[in-house]
Amino acid sequence: MDTPTGNYLKKHTEALVKDVGIEAACKLTGRSKATLGRYYSDAEEHADRFMPVDAVAALESAARFPHVTTALAELQGITLSYSQEKRNSASGGVNGDVVALSQRFAMLMAEYSQSIEDGIITLAESKRLLRETTALQEVLLQMKLHLEEEAT
C-alpha cells in the first residue's frame, strides 16, 4: 500500500517528530521511539501505518509548524491561515516580512544553484531544498497574516 500520498504524509510526519524532538514527542504522545518511527518509516511492513490524529494534534501544539496538517491541506488543495495566538515571537509586520521573504528566497536560490551545479539533484540536496521551501512558505504565511490584519 505504498502510495505517493502515503509517502508524502510519512515525510511530513517525520518532519513533525524531528521538529518537536524524538524524546519530547515520546512524552507528548505517550508512544515509544520505535512506534513513532513506524509512523514515518518507508519500510514495506509499515506502509499502512500512520500517526493517529490525537498524536498529530499533541505534537503540532508543540511544533514550530503544523507539518502534517499542512500536508493534508495541500493534498486537498486547501490553503491554511494561522491564528495570531500561536505565534511565539513579535514580528516587524509586513516590512519585516518582506525582508525575511527576500532573505529566505535568496537562501533557496543559493541552495538550488549549489544543488544543480553538477546537473543532478541528489536526495540530500532535495531535502535541503525542501527545508528551504518550507521555511519560505512559513514566511509567506506570516506575511499573509500581517496583510490580513492591516486590511481589517
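## Salt bridges

A salt bridge here is a side-chain nitrogen of Lys or Arg within 4 Å of a carboxyl oxygen of Asp or Glu. In this predicted model, R64 and D19 form one such pair through their side chains, with an N to O distance of 3.0 Å. The pair links distant parts of the chain: R64 sits in the loop between α4 and α5 (67-75), D19 belongs to helix α1, and 45 residues separate them. The two partners differ in burial class, since R64 is exposed at a relative accessible area of 69%, whereas D19 is buried at 16%. The value for D19 falls under the 20% cut-off for buried residues.

The structure holds 7 salt bridges. Another of them joins the side chains of K18 and E14, at 2.8 Å from N to O. These residues are 4 apart in helix α1, so about one helical turn separates K18 from E14. K18 is exposed, with a relative accessible area of 56%, and E14 is partly exposed, at 25%. A further bridge connects the side chains of K144 and E148 at 3.5 Å, N to O. Both residues lie in helix α7 (residues 123-151), again 4 residues apart, or about one turn of the helix. K144 is partly exposed at 30% relative accessibility, and E148 is partly exposed at 35%.

## Overall architecture

The protein's secondary structure amounts to 7 helices and 0 strands. Read from the N terminus, the order of elements is α-α-α-α-α-α-α. Taken along the principal axes, the box filled by the C-alpha atoms is roughly 50 × 45 × 30 Å.

Of the 152 residues, 33% count as buried. Considering contacts between residues at least 6 apart in sequence, 67% join residues at least 24 apart. The exposed area of the protein is about 9,500 Å², and carbon and sulfur atoms supply 56% of that area.

## Nonpolar core

The largest nonpolar core contains 13 residues, and those with the most contacts inside it are L16, V20, A25, L36, M51 and L59. Two or more residues of this core come from each of α1 (4-20), α2 (22-29), α3 (33-40) and α4 (53-62).

M51 is one of the core residues with the most contacts. With neighbours within four places in sequence left aside, M51 is in contact with T13, V17, L36, Y39, V56 and L59. Two residues in that contact list, L36 and L59, are also among the core residues with the most contacts.

## Helix α2

Helix α2 has A25, C26 and T29 as buried residues. Viewed down the axis of α2, the buried residues fall within an arc of 100°, so they line one face of the helix. The buried residues of α2 pack against α1, α3 and α4. A25 is also among the residues with the most contacts inside the largest nonpolar core.

G30 follows α2, and the phi angle of G30 is positive, near 75°.

## Nonpolar surface patch

F105, M109, Y112, I116 and I121 make a nonpolar patch on the surface, with an area of about 430 Å². Of these residues, Y112 lies in helix α6 (residues 93-116). Y112 counts as partly exposed, because its relative accessibility is 39%. That value lies between the 20% limit for buried and the 50% limit for exposed.

Note on methods. Residues are numbered from 1 along each chain as its sequence is written. This is a predicted model: local features need pLDDT of at least 70, side-chain atom pairs count only at pLDDT 80 or more; totals for chains, interfaces and linings use all residues. Side-chain values use heavy atoms; hydrogens and water are left out. Patches are made of residues with over 30% relative accessible area and no salt bridge: like charges are joined within 9 Å, nonpolar side chains (Val, Leu, Ile, Met, Phe, Trp, Tyr) within 5 Å. Accessible areas come from the Shrake-Rupley method with a 1.4 Å probe; for residues, only the protein chains shown count as cover. Buried means under 20% relative accessible area, exposed over 50%, partly exposed in between (1.4 Å probe, protein chains only). A nonpolar core is a set of buried Ala, Val, Leu, Ile, Met, Phe, Trp, Tyr and Cys residues joined through side-chain atoms within 4.5 Å. Contact means heavy atoms within 4.5 Å. The arc is that of the directions from the helix axis to the C-beta atoms.
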